[in-house]
Amino acid sequence: MTDATTPADREKEKLKLIKLRDIAARVAGDVWDMEADQDGIHVISRRATGEQVKILTIHHEALPDEQDLVAGALDHLFFFLGFVGRAVQRVRELQAELDRLIGRKRAENYGFIAKSLCEKTSFWRFLETRGIDGVITSRIAAETRMKGLLNISSKAELNSDEAARKRFFHLRADYYTWQRGGLA
């Protein structure tokens, strides 16, 4: 399902929301009541200034739902804006949580980085220069050699053990130096 609204539609919606917020700010503290007489049902605004004004008359033919909708417009406005405000705040909180989780996942996935290195034959050749265990012929042999050099039993330790992670960073830096033809 796609969003059928265009950027122009969203801009119009944004302007309407701004207008409603401005109105709400101006009528904050007002209270609307209903009074009935032979002419109809009157919506009376008791303004925050103390003034009381008849702002509209609803004819007797209006259905109860129509009366409630019109007479409750002020309460509906504040409910709607409060709901939108809470929704916007919750979306921001969820986005921040998602950003934090994605950032942490990317920053802490050193086990995956180590696994990726162990899949490269150039890393195998580098590891062969470290230790006396001979030729490396597979990813598993490369992982075993790397774990031995880092003194870890699992690549997952790179995500949780800061000392192991530092050893991995040094080993990786040596590998990059070795790749460039330096003496690592």
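**Exercise 1. Work out how helix 4 and helix 8 cross, and which residues meet there.**

Step 1: handedness. Helix 4 passes helix 8 in a left-handed crossing; that is, the near helix is turned anticlockwise from the far one by less than a right angle, while clockwise would be right-handed. Helices (H or I, at least four residues) and strands (E, at least two) are DSSP runs, numbered from the N terminus.

A quick word on the model: it is predicted, so local features need pLDDT of at least 70 and side-chain atom pairs count only at pLDDT 80 or more, while totals for chains, interfaces and linings use all residues. Residues are numbered from 1 along each chain as its sequence is written, and side-chain values use heavy atoms, with hydrogens and water left out.

Step 2: geometry. The two helices, 4 and 8, pack at about 30°, with axes 12 Å apart. Axes are lines fitted to C-alpha atoms, for helices over the stretch in contact, and angles run from 0 to 180 degrees between N-to-C directions.

Step 3: contacts (heavy atoms within 4.5 Å). From helix 4 come Tyr 110, Ile 113, Ala 114 and Leu 117; they meet Arg 165, Phe 168, Phe 169, Arg 172 and Tyr 175 of helix 8.

**Exercise 2. Find the residues at the heart of the largest nonpolar core, then follow Phe 123 outwards.**

Step 1: the term. A nonpolar core is a set of buried Ala, Val, Leu, Ile, Met, Phe, Trp, Tyr and Cys residues joined through side-chain atoms within 4.5 Å. Buried means under 20% relative accessible area, exposed over 50%, and partly exposed in between (1.4 Å probe, protein chains only).

Step 2: the members. The largest core has 18 residues, and those touching the most other members are Phe 123, Leu 127, Met 146, Leu 150, Leu 158, Phe 168 and Leu 171. Two or more residues each come from helix 4 (110-118), helix 5 (121-128), helix 6 (139-150) and helix 8 (162-179). Another core, of five residues, lies apart from it and includes Ile 41 and Val 43.

Step 3: Phe 123. Leaving aside neighbours within four places in sequence, Phe 123 contacts Leu 117, Cys 118, Met 146, Leu 171 and Tyr 175. Phe 123 also belongs to an aromatic cluster with Phe 126, Tyr 175, Tyr 176 and Trp 178.

**Exercise 3. Sketch the sheet: which strand order does it have?**

Step 1: the order. The open sheet has three strands in the order 1-2-3, paired antiparallel. Two strands pair if DSSP finds at least two bridges between them. Strand 1 and strand 3 (52-58) are the edges, each pairing on one side only.

Step 2: the first pair. Seven bridges join strand 1 (residues 31-37) to strand 2 (residues 40-46), and a two-residue hairpin links them. Glu 35 sits opposite His 42, and Ala 36 has Ile 41 as its bridge partner.

**Exercise 4. Decide whether Arg 145 and Asn 151 are buried or exposed.**

Step 1: Arg 145. This residue is in helix 6 and counts as buried because its relative accessibility is 7%. Not counting residues up to four places away in sequence, Arg 145 touches Leu 127, Glu 128, Arg 130, Asp 133, Gly 134 and Ile 136.

Step 2: Asn 151. Asn 151 is in the loop between helix 6 and helix 7 (157-160), and is exposed because its relative accessible area is 63%. Though not a glycine, Asn 151 has a positive phi of about 60°.

Conventions: Phe/Tyr/Trp six-rings, centres within 6.5 Å; stacked < 30°, edge-to-face > 60°.
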